[in-house]
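Good morning, and thank you for coming. Today I shall present one protein structure, with attention to its helices and its surface.

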Amino acid sequence: MTILVILTACALFTFVIGRYRALQLAGHVGGIKHLHSLPNYYGWYAAWVTLLPSLFFLLLWVFSTPILLKSLTLAHFDKLYSIQETGVSVDLVYSQIVASLDREFRDLSYFDALASSARYYDSIATTGNAILYVGLVSLIFAGGFYGVTRTSATFKARNKVEVFVRLALLLCSSIAIITTLGIVMSVLFESMRFFSQISLSEFLLGTHWSPQIAIRADQQGASGSFGAIPLFAGTLLITFIAMCIAAPIGIFSAIYLAEYAPARVRDLIKPIMEILAGIPTVVYGFFAALVIAPWIREVAESLGSESASSESALAAGLVMGVMIIPFVSSLSDDVIRSVPQDIRDASTAMGATKSETIKQVVLPAALPGIVGGFLLAVSRAIGETMIVVMAAGLTANLTANPLESVTTITVQIVTLLVGDQEFDSVKTLSAFALGLTLFVITLLLNVIALQIVKKYREQYE
(Lines give C-alpha, C1' and ligand atoms only; values in the text may rest on other atoms or scores of the structure.)
Protein backbone atom coordinates (compact mmCIF):
# COMPACT_ATOMS: atom_id res chain seq x y z
CA MET A 1 0.00 0.00 0.00
CA THR A 2 2.85 2.37 0.83
CA ILE A 3 4.43 1.73 -2.56
CA LEU A 4 1.12 2.39 -4.34
CA VAL A 5 0.71 5.67 -2.47
CA ILE A 6 4.24 6.71 -3.44
CA LEU A 7 3.63 5.78 -7.10
CA THR A 8 0.41 7.80 -7.13
CA ALA A 9 2.16 10.80 -5.57
CA CYS A 10 4.97 10.63 -8.15
CA ALA A 11 2.42 10.42 -10.98
CA LEU A 12 0.60 13.49 -9.65
CA PHE A 13 3.90 15.34 -9.34
CA THR A 14 4.84 14.60 -12.95
CA PHE A 15 1.33 15.67 -13.99
CA VAL A 16 1.92 19.07 -12.41
CA ILE A 17 5.37 19.37 -13.99
CA GLY A 18 4.13 18.31 -17.43
CA ARG A 19 1.22 20.76 -17.33
CA TYR A 20 3.49 23.55 -16.10
CA ARG A 21 5.97 22.95 -18.95
CA ALA A 22 3.07 22.99 -21.44
CA LEU A 23 1.89 26.34 -20.10
CA GLN A 24 5.42 27.70 -20.31
CA LEU A 25 5.71 26.46 -23.88
CA ALA A 26 2.38 28.07 -24.74
CA GLY A 27 3.71 31.40 -23.52
CA HIS A 28 6.68 31.13 -25.89
CA VAL A 29 4.74 30.09 -29.00
CA GLY A 30 1.94 32.63 -28.72
CA GLY A 31 -0.74 30.92 -26.58
CA ILE A 32 -2.43 27.58 -25.91
CA LYS A 33 -4.10 27.64 -29.33
CA HIS A 34 -0.70 26.98 -30.91
CA LEU A 35 -0.27 23.72 -28.97
CA HIS A 36 -1.57 20.49 -30.43
CA SER A 37 -3.29 19.58 -27.13
CA LEU A 38 -4.48 21.32 -24.00
CA PRO A 39 -1.92 21.62 -21.17
CA ASN A 40 -3.76 19.04 -19.06
CA TYR A 41 -3.13 16.38 -21.70
CA TYR A 42 0.63 16.93 -21.48
CA GLY A 43 0.37 16.53 -17.73
CA TRP A 44 -1.69 13.36 -18.02
CA TYR A 45 0.73 11.91 -20.54
CA ALA A 46 3.65 12.47 -18.16
CA ALA A 47 1.66 10.92 -15.30
CA TRP A 48 0.71 7.85 -17.34
CA VAL A 49 4.24 7.08 -18.54
CA THR A 50 5.45 7.50 -14.96
CA LEU A 51 2.82 5.27 -13.40
CA LEU A 52 2.21 2.46 -15.89
CA PRO A 53 5.74 0.98 -16.25
CA SER A 54 6.27 1.11 -12.49
CA LEU A 55 2.88 -0.41 -11.80
CA PHE A 56 3.44 -3.19 -14.34
CA PHE A 57 6.84 -3.95 -12.81
CA LEU A 58 5.29 -4.02 -9.33
CA LEU A 59 2.50 -6.41 -10.36
CA LEU A 60 4.98 -8.68 -12.13
CA TRP A 61 7.15 -8.69 -9.03
CA VAL A 62 4.26 -9.43 -6.67
CA PHE A 63 3.14 -12.46 -8.67
CA SER A 64 6.57 -13.88 -9.52
CA THR A 65 8.54 -13.29 -6.31
CA PRO A 66 6.73 -15.88 -4.12
CA ILE A 67 7.26 -18.55 -6.77
CA LEU A 68 10.95 -17.73 -7.16
CA LEU A 69 11.53 -17.55 -3.40
CA LYS A 70 9.89 -20.92 -2.86
CA SER A 71 11.74 -22.57 -5.74
CA LEU A 72 15.20 -21.25 -4.75
CA THR A 73 14.70 -21.94 -1.05
CA LEU A 74 13.53 -25.51 -1.55
CA ALA A 75 16.39 -26.16 -3.99
CA HIS A 76 18.85 -24.93 -1.34
CA PHE A 77 17.22 -27.14 1.33
CA ASP A 78 17.22 -30.18 -0.96
CA LYS A 79 20.99 -29.88 -1.40
CA LEU A 80 21.46 -30.02 2.36
CA TYR A 81 18.78 -32.59 3.21
CA SER A 82 16.60 -34.57 0.82
CA ILE A 83 13.02 -33.43 1.02
CA GLN A 84 11.81 -37.00 0.49
CA GLU A 85 13.67 -38.12 3.62
CA THR A 86 11.81 -35.59 5.79
CA GLY A 87 8.60 -37.58 5.50
CA VAL A 88 6.45 -34.46 5.09
CA SER A 89 5.12 -32.56 2.13
CA VAL A 90 7.06 -29.93 0.20
CA ASP A 91 4.65 -27.19 1.29
CA LEU A 92 5.11 -28.09 4.95
CA VAL A 93 8.89 -27.99 4.59
CA TYR A 94 8.68 -24.54 3.05
CA SER A 95 6.37 -23.35 5.83
CA GLN A 96 8.82 -24.65 8.41
CA ILE A 97 11.67 -22.83 6.71
CA VAL A 98 9.80 -19.53 6.80
CA ALA A 99 8.71 -20.13 10.40
CA SER A 100 12.33 -20.85 11.39
CA LEU A 101 13.00 -17.12 11.10
CA ASP A 102 10.99 -16.61 14.32
CA ARG A 103 11.30 -19.92 16.20
CA GLU A 104 13.41 -23.05 16.22
CA PHE A 105 12.51 -26.65 15.41
CA ARG A 106 15.27 -28.42 17.37
CA ASP A 107 13.22 -31.60 17.69
CA LEU A 108 13.40 -32.19 13.94
CA SER A 109 16.15 -34.29 12.43
CA TYR A 110 16.67 -31.75 9.66
CA PHE A 111 16.94 -28.74 11.99
CA ASP A 112 20.35 -27.66 10.65
CA ALA A 113 19.08 -27.69 7.07
CA LEU A 114 16.03 -25.67 8.14
CA ALA A 115 18.14 -23.04 9.88
CA SER A 116 20.53 -22.71 6.93
CA SER A 117 17.65 -22.52 4.44
CA ALA A 118 15.92 -19.90 6.60
CA ARG A 119 19.03 -17.71 6.50
CA TYR A 120 19.25 -18.25 2.74
CA TYR A 121 15.56 -17.35 2.38
CA ASP A 122 16.06 -14.17 4.40
CA SER A 123 19.08 -13.14 2.35
CA ILE A 124 17.43 -13.58 -1.06
CA ALA A 125 14.24 -11.91 0.21
CA THR A 126 16.29 -8.91 1.36
CA THR A 127 18.12 -8.82 -1.95
CA GLY A 128 14.84 -9.06 -3.80
CA ASN A 129 13.37 -6.11 -1.90
CA ALA A 130 16.43 -4.04 -2.73
CA ILE A 131 16.05 -4.92 -6.42
CA LEU A 132 12.37 -3.97 -6.23
CA TYR A 133 13.05 -0.54 -4.73
CA VAL A 134 15.90 0.22 -7.13
CA GLY A 135 13.82 -0.89 -10.09
CA LEU A 136 10.83 1.19 -9.05
CA VAL A 137 12.92 4.31 -8.45
CA SER A 138 14.66 3.88 -11.80
CA LEU A 139 11.39 3.40 -13.67
CA ILE A 140 9.77 6.38 -11.93
CA PHE A 141 12.64 8.71 -12.80
CA ALA A 142 13.01 7.36 -16.34
CA GLY A 143 9.28 7.51 -17.07
CA GLY A 144 8.84 10.93 -15.52
CA PHE A 145 11.83 12.35 -17.36
CA TYR A 146 10.67 10.86 -20.66
CA GLY A 147 7.10 12.11 -20.25
CA VAL A 148 8.08 15.65 -19.27
CA THR A 149 10.71 16.07 -21.99
CA ARG A 150 8.26 15.00 -24.72
CA THR A 151 6.37 18.28 -24.26
CA SER A 152 6.40 20.22 -27.50
CA ALA A 153 3.99 22.24 -29.61
CA THR A 154 3.62 19.45 -32.16
CA PHE A 155 3.49 16.50 -29.75
CA LYS A 156 0.07 14.79 -29.95
CA ALA A 157 -0.44 14.39 -26.21
CA ARG A 158 -4.22 14.14 -26.44
CA ASN A 159 -4.04 11.21 -28.85
CA LYS A 160 -1.60 9.37 -26.60
CA VAL A 161 -3.71 9.96 -23.49
CA GLU A 162 -6.83 8.75 -25.28
CA VAL A 163 -5.01 5.54 -26.17
CA PHE A 164 -4.19 5.03 -22.49
CA VAL A 165 -7.80 5.73 -21.54
CA ARG A 166 -9.15 3.29 -24.13
CA LEU A 167 -6.79 0.60 -22.85
CA ALA A 168 -7.91 1.28 -19.27
CA LEU A 169 -11.57 1.05 -20.30
CA LEU A 170 -10.88 -2.17 -22.22
CA LEU A 171 -9.17 -3.63 -19.15
CA CYS A 172 -12.13 -2.68 -16.93
CA SER A 173 -14.64 -4.15 -19.36
CA SER A 174 -12.60 -7.36 -19.59
CA ILE A 175 -12.56 -7.90 -15.83
CA ALA A 176 -16.13 -9.25 -15.80
CA ILE A 177 -15.37 -11.63 -18.69
CA ILE A 178 -12.10 -12.80 -17.16
CA THR A 179 -13.74 -13.28 -13.76
CA THR A 180 -16.56 -15.29 -15.30
CA LEU A 181 -14.11 -17.47 -17.23
CA GLY A 182 -12.06 -17.98 -14.08
CA ILE A 183 -15.11 -19.06 -12.09
CA VAL A 184 -16.31 -21.39 -14.84
CA MET A 185 -12.89 -22.96 -15.35
CA SER A 186 -12.28 -23.50 -11.63
CA VAL A 187 -15.71 -25.08 -11.13
CA LEU A 188 -15.33 -27.15 -14.32
CA PHE A 189 -11.86 -28.40 -13.32
CA GLU A 190 -12.99 -29.55 -9.87
CA SER A 191 -16.16 -31.03 -11.34
CA MET A 192 -14.12 -33.11 -13.78
CA ARG A 193 -12.17 -34.49 -10.82
CA PHE A 194 -15.47 -35.45 -9.21
CA PHE A 195 -16.84 -37.09 -12.37
CA SER A 196 -13.62 -39.08 -12.76
CA GLN A 197 -14.65 -40.91 -9.57
CA ILE A 198 -18.45 -40.76 -9.77
CA SER A 199 -20.19 -41.42 -13.07
CA LEU A 200 -22.27 -38.66 -14.64
CA SER A 201 -25.28 -40.96 -14.96
CA GLU A 202 -25.19 -41.80 -11.25
CA PHE A 203 -25.02 -38.10 -10.37
CA LEU A 204 -27.79 -36.95 -12.71
CA LEU A 205 -30.11 -39.97 -12.44
CA GLY A 206 -29.47 -41.25 -8.92
CA THR A 207 -32.31 -40.92 -6.43
CA HIS A 208 -30.33 -41.11 -3.19
CA TRP A 209 -28.11 -38.33 -1.88
CA SER A 210 -25.77 -39.20 1.00
CA PRO A 211 -22.32 -37.66 0.45
CA GLN A 212 -20.81 -39.07 3.65
CA ILE A 213 -17.91 -41.39 2.83
CA ALA A 214 -17.25 -44.42 5.00
CA ILE A 215 -13.85 -44.48 6.66
CA ARG A 216 -14.09 -48.20 7.48
CA ALA A 217 -15.79 -50.97 5.60
CA ASP A 218 -18.12 -51.76 8.55
CA GLN A 219 -19.08 -48.11 9.20
CA GLN A 220 -22.80 -47.41 9.18
CA GLY A 221 -24.60 -44.35 7.86
CA ALA A 222 -21.85 -43.40 5.40
CA SER A 223 -22.99 -44.82 2.09
CA GLY A 224 -21.40 -42.26 -0.19
CA SER A 225 -24.32 -41.96 -2.60
CA PHE A 226 -24.33 -39.01 -4.97
CA GLY A 227 -27.67 -39.12 -6.75
CA ALA A 228 -28.67 -35.47 -7.15
CA ILE A 229 -32.28 -35.89 -8.26
CA PRO A 230 -33.64 -35.22 -4.71
CA LEU A 231 -31.74 -31.92 -4.71
CA PHE A 232 -33.07 -30.95 -8.13
CA ALA A 233 -36.60 -31.87 -7.08
CA GLY A 234 -36.36 -29.88 -3.85
CA THR A 235 -34.95 -26.85 -5.64
CA LEU A 236 -37.67 -26.89 -8.31
CA LEU A 237 -40.45 -27.50 -5.78
CA ILE A 238 -39.51 -24.55 -3.56
CA THR A 239 -38.87 -22.31 -6.58
CA PHE A 240 -42.25 -23.27 -8.08
CA ILE A 241 -44.08 -22.44 -4.84
CA ALA A 242 -42.21 -19.15 -4.52
CA MET A 243 -43.00 -18.10 -8.08
CA CYS A 244 -46.67 -19.03 -7.66
CA ILE A 245 -46.73 -16.36 -4.96
CA ALA A 246 -44.36 -13.77 -6.43
CA ALA A 247 -45.33 -13.81 -10.12
CA PRO A 248 -49.06 -13.00 -9.96
CA ILE A 249 -48.81 -10.64 -6.99
CA GLY A 250 -45.78 -8.87 -8.46
CA ILE A 251 -47.21 -8.46 -11.95
CA PHE A 252 -50.72 -7.44 -10.81
CA SER A 253 -49.31 -4.93 -8.33
CA ALA A 254 -47.10 -3.53 -11.10
CA ILE A 255 -50.12 -3.15 -13.40
CA TYR A 256 -52.05 -1.37 -10.66
CA LEU A 257 -49.21 0.98 -9.74
CA ALA A 258 -48.36 1.79 -13.37
CA GLU A 259 -51.87 2.10 -14.86
CA TYR A 260 -54.51 2.60 -12.19
CA ALA A 261 -53.01 3.98 -8.98
CA PRO A 262 -53.14 7.75 -8.35
CA ALA A 263 -49.78 9.45 -7.93
CA ARG A 264 -50.20 9.82 -4.14
CA VAL A 265 -51.08 6.15 -3.71
CA ARG A 266 -48.20 5.07 -5.92
CA ASP A 267 -45.71 7.21 -4.01
CA LEU A 268 -46.88 5.54 -0.79
CA ILE A 269 -47.22 1.90 -1.85
CA LYS A 270 -44.12 1.43 -4.02
CA PRO A 271 -41.53 2.39 -1.35
CA ILE A 272 -43.31 0.15 1.16
CA MET A 273 -43.15 -2.81 -1.26
CA GLU A 274 -39.49 -2.19 -2.03
CA ILE A 275 -38.68 -2.31 1.70
CA LEU A 276 -39.23 -6.06 1.41
CA ALA A 277 -36.12 -6.28 -0.80
CA GLY A 278 -34.00 -4.71 1.96
CA ILE A 279 -34.95 -7.16 4.71
CA PRO A 280 -32.09 -9.64 5.40
CA THR A 281 -32.84 -13.19 4.34
CA VAL A 282 -32.03 -14.48 7.82
CA VAL A 283 -35.00 -12.43 9.10
CA TYR A 284 -37.23 -14.10 6.54
CA GLY A 285 -35.80 -17.43 7.66
CA PHE A 286 -36.63 -16.73 11.30
CA PHE A 287 -40.14 -15.69 10.32
CA ALA A 288 -40.62 -18.84 8.25
CA ALA A 289 -39.25 -21.16 10.94
CA LEU A 290 -41.04 -19.59 13.93
CA VAL A 291 -44.35 -18.47 12.43
CA ILE A 292 -45.17 -19.90 9.01
CA ALA A 293 -43.90 -23.48 9.40
CA PRO A 294 -45.68 -24.17 12.74
CA TRP A 295 -48.86 -22.57 11.38
CA ILE A 296 -48.78 -24.74 8.23
CA ARG A 297 -48.25 -27.84 10.34
CA GLU A 298 -51.19 -26.98 12.62
CA VAL A 299 -53.49 -26.32 9.67
CA ALA A 300 -52.41 -29.54 7.94
CA GLU A 301 -52.95 -31.61 11.08
CA SER A 302 -56.35 -30.02 11.66
CA LEU A 303 -57.31 -31.13 8.15
CA GLY A 304 -56.23 -34.69 8.90
CA SER A 305 -52.82 -34.76 7.23
CA GLU A 306 -50.26 -36.97 8.97
CA SER A 307 -47.30 -36.16 6.70
CA ALA A 308 -46.91 -32.50 7.69
CA SER A 309 -43.40 -31.75 8.89
CA SER A 310 -42.20 -28.96 11.16
CA GLU A 311 -39.86 -28.02 8.28
CA SER A 312 -41.57 -28.00 4.91
CA ALA A 313 -41.07 -26.88 1.34
CA LEU A 314 -44.36 -24.98 1.52
CA ALA A 315 -43.17 -22.77 4.40
CA ALA A 316 -39.89 -21.94 2.64
CA GLY A 317 -41.62 -21.35 -0.70
CA LEU A 318 -44.29 -19.04 0.74
CA VAL A 319 -41.82 -16.82 2.56
CA MET A 320 -39.40 -16.84 -0.36
CA GLY A 321 -42.24 -15.79 -2.66
CA VAL A 322 -42.98 -12.81 -0.44
CA MET A 323 -39.29 -11.92 -0.40
CA ILE A 324 -38.96 -11.78 -4.20
CA ILE A 325 -42.23 -9.92 -4.90
CA PRO A 326 -40.31 -6.59 -5.14
CA PHE A 327 -38.02 -8.02 -7.84
CA VAL A 328 -40.98 -8.85 -10.07
CA SER A 329 -43.08 -5.82 -9.14
CA SER A 330 -40.42 -3.13 -9.42
CA LEU A 331 -38.97 -4.31 -12.73
CA SER A 332 -42.38 -4.94 -14.26
CA ASP A 333 -43.60 -1.52 -13.13
CA ASP A 334 -40.64 0.23 -14.72
CA VAL A 335 -41.09 -1.71 -17.97
CA ILE A 336 -44.83 -1.04 -18.18
CA ARG A 337 -44.32 2.67 -17.55
CA SER A 338 -41.65 2.77 -20.28
CA VAL A 339 -44.17 1.73 -22.95
CA PRO A 340 -44.77 4.85 -25.11
CA GLN A 341 -47.97 6.75 -24.36
CA ASP A 342 -48.62 7.09 -28.09
CA ILE A 343 -49.64 3.46 -28.50
CA ARG A 344 -51.95 3.72 -25.50
CA ASP A 345 -53.60 6.74 -27.08
CA ALA A 346 -53.84 4.95 -30.42
CA SER A 347 -55.56 1.98 -28.80
CA THR A 348 -58.00 4.25 -26.98
CA ALA A 349 -58.72 6.11 -30.24
CA MET A 350 -59.61 2.80 -31.85
CA GLY A 351 -62.33 2.32 -29.22
CA ALA A 352 -60.52 -0.03 -26.82
CA THR A 353 -61.22 0.25 -23.13
CA LYS A 354 -58.44 0.78 -20.60
CA SER A 355 -58.38 -2.89 -19.58
CA GLU A 356 -58.35 -3.99 -23.24
CA THR A 357 -55.48 -1.60 -23.93
CA ILE A 358 -53.51 -3.07 -21.06
CA LYS A 359 -54.18 -6.68 -22.11
CA GLN A 360 -53.80 -6.28 -25.86
CA VAL A 361 -51.20 -3.51 -26.19
CA VAL A 362 -49.28 -2.61 -23.06
CA LEU A 363 -48.53 -6.08 -21.70
CA PRO A 364 -47.38 -7.54 -25.06
CA ALA A 365 -45.13 -4.52 -25.56
CA ALA A 366 -43.70 -4.86 -22.05
CA LEU A 367 -43.40 -8.65 -22.20
CA PRO A 368 -39.60 -8.80 -22.74
CA GLY A 369 -38.96 -6.73 -19.63
CA ILE A 370 -41.53 -8.66 -17.62
CA VAL A 371 -39.91 -11.95 -18.64
CA GLY A 372 -36.54 -10.55 -17.61
CA GLY A 373 -37.88 -9.61 -14.18
CA PHE A 374 -39.54 -13.01 -13.84
CA LEU A 375 -36.32 -14.87 -14.62
CA LEU A 376 -34.37 -12.62 -12.27
CA ALA A 377 -36.81 -13.66 -9.56
CA VAL A 378 -36.40 -17.33 -10.52
CA SER A 379 -32.62 -17.02 -10.26
CA ARG A 380 -33.04 -15.32 -6.89
CA ALA A 381 -35.24 -18.16 -5.68
CA ILE A 382 -32.90 -20.88 -6.95
CA GLY A 383 -29.91 -19.25 -5.27
CA GLU A 384 -31.56 -18.61 -1.91
CA THR A 385 -30.00 -20.55 0.97
CA MET A 386 -30.81 -19.13 4.41
CA ILE A 387 -34.60 -19.45 4.19
CA VAL A 388 -34.33 -23.04 2.99
CA VAL A 389 -31.89 -23.99 5.77
CA MET A 390 -34.14 -22.57 8.48
CA ALA A 391 -37.57 -23.47 7.10
CA ALA A 392 -37.15 -26.48 4.79
CA GLY A 393 -34.30 -28.38 6.45
CA LEU A 394 -31.27 -30.27 5.19
CA THR A 395 -32.86 -33.62 4.34
CA ALA A 396 -32.45 -34.72 0.72
CA ASN A 397 -35.97 -36.07 0.31
CA LEU A 398 -37.36 -37.03 -3.10
CA THR A 399 -40.98 -35.99 -2.82
CA ALA A 400 -43.59 -33.80 -4.48
CA ASN A 401 -45.44 -33.23 -1.19
CA PRO A 402 -44.91 -29.58 -0.18
CA LEU A 403 -45.65 -30.45 3.46
CA GLU A 404 -42.51 -32.58 3.77
CA SER A 405 -38.93 -31.50 4.44
CA VAL A 406 -36.67 -31.04 1.41
CA THR A 407 -33.37 -29.37 0.58
CA THR A 408 -31.88 -27.50 -2.36
CA ILE A 409 -28.66 -27.43 -4.34
CA THR A 410 -27.34 -24.25 -2.74
CA VAL A 411 -27.95 -25.55 0.79
CA GLN A 412 -25.99 -28.70 0.06
CA ILE A 413 -23.13 -26.70 -1.46
CA VAL A 414 -22.86 -24.65 1.73
CA THR A 415 -23.10 -27.77 3.90
CA LEU A 416 -20.38 -29.57 1.99
CA LEU A 417 -17.93 -26.66 2.07
CA VAL A 418 -18.40 -25.53 5.69
CA GLY A 419 -15.50 -26.22 8.04
CA ASP A 420 -12.13 -27.82 7.36
CA GLN A 421 -12.46 -29.85 4.19
CA GLU A 422 -10.03 -31.82 2.06
CA PHE A 423 -10.41 -30.97 -1.60
CA ASP A 424 -9.22 -34.44 -2.56
CA SER A 425 -12.40 -35.89 -1.05
CA VAL A 426 -15.28 -36.93 -3.31
CA LYS A 427 -17.65 -35.42 -0.74
CA THR A 428 -16.12 -31.95 -1.12
CA LEU A 429 -15.74 -32.21 -4.89
CA SER A 430 -19.45 -32.98 -5.18
CA ALA A 431 -20.14 -29.36 -4.19
CA PHE A 432 -18.40 -28.20 -7.38
CA ALA A 433 -20.44 -30.66 -9.45
CA LEU A 434 -23.60 -29.18 -7.92
CA GLY A 435 -22.33 -25.69 -8.67
CA LEU A 436 -21.67 -26.60 -12.30
CA THR A 437 -25.16 -28.06 -12.59
CA LEU A 438 -26.65 -24.89 -11.14
CA PHE A 439 -24.62 -22.84 -13.62
CA VAL A 440 -25.93 -24.90 -16.53
CA ILE A 441 -29.53 -24.54 -15.31
CA THR A 442 -29.13 -20.76 -15.03
CA LEU A 443 -27.58 -20.64 -18.50
CA LEU A 444 -30.51 -22.55 -19.97
CA LEU A 445 -32.94 -20.15 -18.29
CA ASN A 446 -31.10 -17.22 -19.86
CA VAL A 447 -31.18 -18.85 -23.30
CA ILE A 448 -34.92 -19.42 -22.99
CA ALA A 449 -35.41 -15.83 -21.87
CA LEU A 450 -33.45 -14.51 -24.83
CA GLN A 451 -35.56 -16.55 -27.22
CA ILE A 452 -38.79 -15.22 -25.67
CA VAL A 453 -37.52 -11.65 -25.73
CA LYS A 454 -36.40 -12.04 -29.35
CA LYS A 455 -39.81 -13.38 -30.35
CA TYR A 456 -41.91 -10.69 -28.68
CA ARG A 457 -39.63 -7.66 -28.78
CA GLU A 458 -41.20 -4.58 -30.28
CA GLN A 459 -39.24 -1.73 -31.80
CA TYR A 460 -40.50 1.82 -31.20
CA GLU A 461 -39.40 4.97 -32.90
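I shall begin with the model itself, then turn to two helices and a surface patch.

This is a predicted model, in which local features need pLDDT of at least 70 and side-chain atom pairs count only at pLDDT 80 or more, while totals for chains, interfaces and linings use all residues. Residues are numbered from 1 along each chain as its sequence is written, and side-chain values use heavy atoms, with hydrogens and water left out.

Helices here are DSSP runs of H or I, at least four residues, numbered from the N terminus. The expected span of a helix is 1.5 Å times one less than its number of residues.

Helix 8, residues 229-260, has 32 residues. From its first C-alpha to its last it reaches 45 Å, close to the expected 46 Å. It nevertheless has a kink of about 30°, centred on M243; the bend at a residue is the angle between axes fitted to the seven residues ending there and the seven starting there.

Helix 11, residues 313-338, has end C-alpha atoms 37 Å apart, which agrees with the 38 Å that its 26 residues should span. A kink of about 40° lies at I324, shortly before the proline P326.

Where is M386 found? M386 is in helix 14, residues 386-391. At 34% relative accessibility, M386 counts as partly exposed, that is, between buried (under 20% relative accessible area) and exposed (over 50%), with a 1.4 Å probe and protein chains only.

L52, in helix 2, residues 39-80, is also partly exposed, at 31%.

Technical notes: Helix = DSSP H or I, 4+ residues; strand = E, 2+ residues; numbered from the N terminus.
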